[in-house]
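Biologist: Can you pull up the model so we can go through it together?
Modeller: Here it is.

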Amino acid sequence: MAYPLSATKLQTYRQCPQAYYFKHERRLTVPSAFGSPTFGKAIHRALAQIYQDWSYADPLPPLQWFADCWQQHISELKESQIHEGWQALETYYHQYVAPQPMLRKPVGIEGKIQASFQVSNIEFALSGRYDRLDWLDDGLELIDYKTSKTVKPPEAIDVQLGLYYLALEQTYHHALKRLSLLYLRSNQCISYEVTPDHLEQIKDLIGDLALKLRSDQDWHPQEGSQCDRCGYRQYCSAQTPNPEPLPQTAKPPQKVQLALPFL
Ligand code: SF4
């Protein structure tokens with residue numbers, strides 16, 4: 001069976017192999033620190049509908065089209081959230097839609113990314129999701145909508161760039177040129193260009209992970225700023241001189257299944 005992989009998993013692995021081992025190999029759960037995602041979901045769904053249901057026979061939707069779509073996703077929101085969400089969408093409209101001669105139809109909206117590849121005789125199945133995928137003149141652009149109040153570019157963005165490049169090339173046979181993070185609440189867009197270096201980095205990282213999976217050793221702790229919010233500190237030899245043994249609920253260590261080598 002293929003080993004499931006995602007950008008989030010690889011980011012965890014790069015930050016700290018031991019935290020990855022606890023979370024994904026031994027399946028130790030920690031309570032989530034995140035609050036209700038209702039507001040973010042409503043904006044994501046409204047934007048998906050705006051692009052999905054627009055009749056592209058008409059070049060440019062009016063602002064009323066945005067309002068109509070927003071109205072369909074606000075039933076679970078508070079008044080203040082409805083107001084704030086509409087402000088964000090209205091600003092988005094004036095910044096990114098109204099100045100264009102036409103609304104460009106995306107390649108995909110809220111789509112899945114799936115790909116498979118083999119490294120060191122281990123079959124990896126990559127999966128992920130994107131908010132929007134657009135054509136550029138010379139390749140693809142991934143758009144990720146962000147609804148956080150602060151503009152905080154994600155850590156290890158280069159892992160996402162390399163991994164999505166690999167997956168999208170397999171699915172669409174076109175290169176990913178850019179990943180853009182659109183912060184809707186503050187109306188800021190941060191774009192990252194994909195370079196050959198990102199691809200090399202991701203291949204090295206997956207190769208390294210494959211070696212660990214094969215040998216099941218040296219999932220060493222790697223300390224960093226992430227330790228402050230790590231849920232595995234009590235098991236971590238880098239954080240405490242007497243780490244607790246893993247609980248009985250931890251999944252027993254397992255060897256990965258090797259794929260047949262190519263002849
Ligand atoms: S506390 Fe830090 S070093 Fe220890 S497992 Fe967590 S992230 Fe890794």
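What follows is a walk through the overall fold, the cores, the sheet and a few single residues.

Biologist: First, what kind of model is this?
Modeller: This is a predicted model.

Biologist: How many helices and strands in the protein chain?
Modeller: The protein chain has 7 helices and 8 strands.

Biologist: And what does the C-alpha trace span along its principal axes?
Modeller: About 60 × 50 × 30 Å.

Biologist: What share of the residues counts as buried?
Modeller: Of the 263 residues in the protein chain, 44% count as buried. The accessible surface of the chain is about 14,800 Å², and carbon and sulfur atoms hold 51% of that.

Biologist: What part of the contacts comes from residues 24 or more positions apart?
Modeller: Taking contacts with a separation of 6 or more, such pairs account for 69%.

Biologist: Next, the inside. Which residues have the most contacts in the largest nonpolar core?
Modeller: Leu 10, Phe 124, Ile 202, Ile 206 and Leu 209, in a core of 51 residues. Helix H6, residues 157-172, supplies the largest share of this core, with 9 residues.

Biologist: Is there anything apart from that core?
Modeller: There is a second, separate core of 27 residues, and among its members are Leu 77, Ile 82, Val 97 and Leu 182.

Biologist: Back to Ile 206. What is it in contact with, leaving aside neighbours within four places in sequence?
Modeller: Ile 206 then contacts Leu 5, Leu 10, Phe 117, Val 119, Phe 124, Leu 163 and Leu 166.

Biologist: On to the sheet of 3 strands. What is the strand order?
Modeller: The order is E1-E4-E3, in an open sheet with mixed pairing.

Biologist: Which strands stand at the edges?
Modeller: Strand E1 (3-5) and strand E3 (112-119) do; each has a single partner strand, so one side of each has no neighbour in the sheet. From one strand to the next, the twist averages 25°.

Biologist: How do E3 and E4 pair?
Modeller: E3 pairs with strand E4, residues 122-129, in the antiparallel sense over 8 bridges. One of the bridge pairs puts Val 119 with Ile 122 of E4.

Biologist: What packs on this sheet?
Modeller: H6 does, touching E3 and E4, with its direction at about 100° to that of E3. Helix H7, residues 196-215, lies across E1, E3 and E4 and runs at about 125° to E4.

Biologist: What span should H7 have, and how far apart are its ends?
Modeller: H7 has 20 residues, so at 1.5 Å a residue it should span 28 Å; the end C-alpha atoms are 29 Å apart, which agrees.

Biologist: Which H7 residues are buried?
Modeller: His 198, Leu 199, Ile 202, Leu 205, Ile 206, Gly 207, Leu 209, Ala 210, Lys 212 and Leu 213 are buried.

Biologist: Is Tyr 165 buried or exposed?
Modeller: Tyr 165 is at 17% relative accessibility, so it counts as buried, the cut-off being under 20%. Tyr 165 sits in helix H6.

Biologist: What does Tyr 165 touch, not counting residues up to four places away?
Modeller: Tyr 165 touches Ala 175, Leu 176, Val 194 and Leu 199. As for Leu 142, it is 23 residues from Tyr 165 in sequence, and the C-alpha atoms of the two are 10.0 Å apart.

Biologist: Now the loop between E3 and E4. What is the phi of Ser 120?
Modeller: Ser 120, in that loop, has a positive phi of about 50° although it is not a glycine. Asn 121 lies in the loop between E3 and E4 as well, and has a positive phi near 65°.

Biologist: Why bring up the sign?
Modeller: Most residues other than glycine have a negative phi.

Biologist: How does Ser 120 count for accessibility?
Modeller: Ser 120 counts as partly exposed, at 32% relative accessibility. Asn 121 counts as partly exposed too, at 24%.

Biologist: Last topic, E5. How many of its residues are buried?
Modeller: In strand E5, residues 132-136, 4 of the 5 residues are buried, so to say mostly covered.

Biologist: Which strands does E5 pair with?
Modeller: E5 pairs in the antiparallel sense with strand E2, residues 108-109, over 2 bridges. There, Ile 109 has Arg 132 of E5 as its bridge partner. E5 also pairs in the antiparallel sense with strand E6, residues 139-146, over 5 bridges.

Biologist: What joins E5 to E6?
Modeller: A hairpin, through 2 residues. Leu 136 stands opposite Gly 139 of E6.

How values were computed
Residues numbered from 1 in each chain as written. Predicted model: local features only at pLDDT ≥ 70, side-chain atom pairs only at ≥ 80, totals over all residues. Heavy atoms only, no water. Core = buried A, V, L, I, M, F, W, Y, C linked by side-chain atoms within 4.5 Å. Buried < 20%, exposed > 50% of the residue type's maximum accessible area, 1.4 Å probe, protein only. Helix = DSSP H or I, 4+ residues; strand = E, 2+ residues; numbered from the N terminus. Contact = heavy atoms within 4.5 Å. Pairing = 2+ DSSP bridges. Axes fitted to C-alpha atoms, helices over the stretch in contact; angles between N-to-C directions. Expected span 1.5 Å × (residues − 1). Areas by Shrake-Rupley, 256 points an atom, 1.4 Å probe, with all protein chains shown as cover.
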